[in-house]
Amino acid sequence: MNSPLLLKNPEVLKPGDTIGIVAPSAGLAALFPHRVEQGVVALEQMGYKVIFAPHARERDGYVSAPAKERASDLHLMFENPFVRAILCMTGGHHANQVLKYLDYALIAANPKILVGYSDITLLHWALARKAGLRTFYGPSLIAEFGEYPEMHSYTRKYFDRAVTALDPIGAVTPSPTWTDEFLDWG
């Protein structure tokens, strides 16, 4: 029988900490800059500083940048001593392209909160297995933090609970509201 995977907890986020933004998959920031701006406003209103990886706002076909550059962006955020958490711009379909370029030893030596979903699930798995890092399946900059006129309080509540304390968040109750309305971000 396999032994359980022991994962390293990153440090929790505190007001004034810096969140680094990366785009390991889709290059949607160039298409929806107003959502990016709104996401930054939401994070700043929560008390965080925001910086962008060099290729996070680029677009190269469907992805933000070539795979080596997206991996380099992740490395820069993990090794930056001022960055306390890394938030993905959005999901997509091509995060798998960065795996062969990741320096798992560098990431393991610099444990930080990584938050994302969809295609980013692949990075969660890889960083757990290869770097022993606990990561967070959660909101993206464009879709959730960039919601207009503001981020949903439900999303903010559970984001805060997940990244500002080491204790498990406990039961996640269903949101009292939801929509299946498609919004044209353009």
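Arg35 and Glu147 form a salt bridge, with their closest N and O atoms 3.5 Å apart. Arg35 belongs to helix 1 (residues 33–45). Glu147 sits in the loop between helix 5 (141–145) and helix 6 (153–163). The pair therefore ties together parts that are 112 residues apart in sequence. Both Arg35 and Glu147 are buried, that is, under 20% relative accessible area. The model is a predicted one.

**Salt bridges**

The structure holds 3 salt bridges. The table lists the pairs with their N to O distances.

| Basic residue | Acidic residue | N to O distance |
|---|---|---|
| Arg35 | Glu147 | 3.5 Å |
| Arg84 | Glu11 | 2.4 Å |
| Arg156 | Asp160 | 3.6 Å |

Arg84 pairs with Glu11, and their closest N and O atoms are 2.4 Å apart. Arg84 lies in strand 3 (residues 83–88), whereas Glu11 lies in the segment before strand 1 (18–22), so this salt bridge links parts 73 residues apart in sequence. Arg84 has a relative accessible area of 23%. That value makes Arg84 partly exposed, because buried means under 20% and exposed over 50%.

Arg156 and Asp160 also meet through their side chains, at 3.6 Å from N to O. Here both partners lie in helix 6. They are 4 residues apart, about one turn of the helix. Asp160 is partly exposed at 22% relative accessibility. Arg156 is partly exposed too, at 34%.

**The sheet and helix 4**

The sheet is open and has 5 strands. Their order is 2-1-3-4-5, and the pairing is parallel. Strand 2 (49–52) and strand 5 (136–137) are the edge strands, each pairing on one side only. Strand 3, the strand that holds Arg84, stands between strands 1 and 4 in the sheet order.

What joins strand 4 to strand 5? Strand 4 (residues 113–116) is joined to strand 5 by 2 bridges, and the two strands run parallel. Val115 has Phe136 of strand 5 as its bridge partner.

Helix 4 (residues 121–131) packs on the sheet. This helix touches strand 4 and strand 5. The direction of helix 4 makes about 155° with that of strand 4. Strand 5 thus has two kinds of neighbour described here: strand 4, through 2 bridges, and helix 4, through contact.

Key: Residues numbered from 1 in each chain as written. Predicted model: local features only at pLDDT ≥ 70, side-chain atom pairs only at ≥ 80, totals over all residues. Heavy atoms only, no water. Pairing = 2+ DSSP bridges. Contact = heavy atoms within 4.5 Å. Axes fitted to C-alpha atoms, helices over the stretch in contact; angles between N-to-C directions. Salt bridge = Lys/Arg side-chain N within 4 Å of Asp/Glu carboxyl O. Buried < 20%, exposed > 50% of the residue type's maximum accessible area, 1.4 Å probe, protein only.
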